Amino acid sequence: MANRLGKIYGTEEDKVNCNFYFKIGACRHGDKCNRIHNKPSISQTILIKHLYINPPTAIAIAEGNKVSDEALQEALKHFENFYEDIFLELAKYGELLELNVCDNLGDHLIGNVYAKFNSEDEAAKAFKALNGKYYNGKQVVAEYSPVTNFKECRCRQYE
C-alpha cells in the first residue's frame, strides 16, 4: 500500500495532494482547491508571486495579436531589463541554477518569478532578505516552492 501511494504522490492519480501545486508551485483553484497544497518549509527554489508586470504589448503578443516591430522590441527590452535587474539582486544571495519568469496569463502564474539556488541555505538567505521589500512599487511576497524540475513546470491551461 505505501509503495503504491509513493508512486502516485504528486500525480493526477493522487486524490489528496494537488498535483498542479506540486509541479508548478501554484494552483489555478487557489484556496478553493479540494486537494492539499503541501508548502515546503525549506527548498532550493523560491517563488516570488506576480513580481513581473507584463507591458500591454507583451499581453497582446501572448493573446496572438499582431504588433509592430517597434512595439515588440520595446516589450523585449522591458523584459530583458527586468530579468537583468532581478538576476543581479538574487545573485547577491547565492549561485542561481535557474531563473524563470512566467509569461502565462493565468491569474495564478502571471508574472511569477522562480529562482532555484545551488543550496537551501542560499535560498533561505534570499527568502529572508527579499520578503517584505518593495520592487517597482509592489511589496515582494516570496515563498518556498516545491518546484525542482522546470521542464515539468508548465500549466496545461497555458497550452
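**Entry 1: strand β1.** I started in the middle of things, with β1, and found cover on both of its faces. Thr45 and Leu47 lie on one side, Ile46 and Ile48 on the other, and all four names go down in my notes as buried. That fits the textbook pattern: in a regular strand, side chains alternate between the two faces of the sheet. A reminder to myself before going on: this is a predicted model.

**Entry 2: the partners of β1.** Next I looked up the strands beside β1. It is joined to β3 by four bridges, and the two run antiparallel. I noted two bridge partners in β3: Tyr114 for Leu47, and Lys116 for Thr45. Towards β6 I also found four bridges, again with an antiparallel run. There, Ile48 has Ala142 as its bridge partner.

**Entry 3: the sheet.** With those pairs in hand I wrote down the strand order, β2-β3-β1-β6, for an open sheet of four strands with antiparallel pairing. β2 and β6 are the edge strands, each pairing on one side only. I looked up the twist as well: ignoring direction, neighbouring strands here are turned by 20° against each other on average. Then I checked what lies on the sheet and found α4, which packs there and touches β1, β2 and β3. The direction of α4 makes about 145° with that of β2.

**Entry 4: the core.** Which residues have the most contacts inside the largest nonpolar core? I got Ile46, Ile48, Leu90, Phe117 and Leu130, in a core of 21 residues. At least two residues of this core come from each of β1 (45-48), α4 (69-90), β2 (96-101), β3 (113-117), α5 (120-130) and β6 (142-145). The most generous giver is α5, with four residues. Apart from this core I found another, of six residues, including Cys102, Tyr114, Val147 and Phe150.

**Entry 5: Ile46 up close.** I went back to Ile46 and listed its contacts, leaving aside neighbours within four places in sequence. Among them are Leu90, Val113, Tyr114, Ala115 and Phe117. The list also includes Ala123, Ala126, Phe127 and Leu130, and it takes in Glu143, Tyr144 and Ser145 too.

**Entry 6: helix α5.** Since α5 kept turning up, I gave it a page of its own. Which of its residues are buried? I noted Glu122, Ala123, Ala124, Ala126 and Leu130. An α-helix has 3.6 residues a turn, so residues three or four places apart point the same way. With that in mind I looked at what the buried residues of α5 pack against, and the answer was β1, α4, β3 and β6. Just after α5, I stopped at Gly132, which takes a positive phi of about 90°.

**Entry 7: the whole protein.** Last, I stepped back. I have five helices and six strands on the list, and from the N terminus on the elements run α-α-β-α-α-β-β-α-β-β-β. Of the 159 residues in the protein, 38% are buried. Of the contacts with a separation of 6 or more, 60% fall between residues 24 or more positions apart. The exposed surface comes to about 9900 Å², and carbon and sulfur atoms supply 50% of it.

Technical notes. Residues are numbered from 1 along each chain as its sequence is written. This is a predicted model: local features need pLDDT of at least 70, side-chain atom pairs count only at pLDDT 80 or more; totals for chains, interfaces and linings use all residues. Side-chain values use heavy atoms; hydrogens and water are left out. A nonpolar core is a set of buried Ala, Val, Leu, Ile, Met, Phe, Trp, Tyr and Cys residues joined through side-chain atoms within 4.5 Å. Buried means under 20% relative accessible area, exposed over 50%, partly exposed in between (1.4 Å probe, protein chains only). Contact means heavy atoms within 4.5 Å. Accessible areas come from the Shrake-Rupley method with a 1.4 Å probe; for residues, only the protein chains shown count as cover. Two strands pair if DSSP finds at least two bridges between them. Axes are lines fitted to C-alpha atoms, for helices over the stretch in contact, and angles run from 0 to 180 degrees between N-to-C directions.
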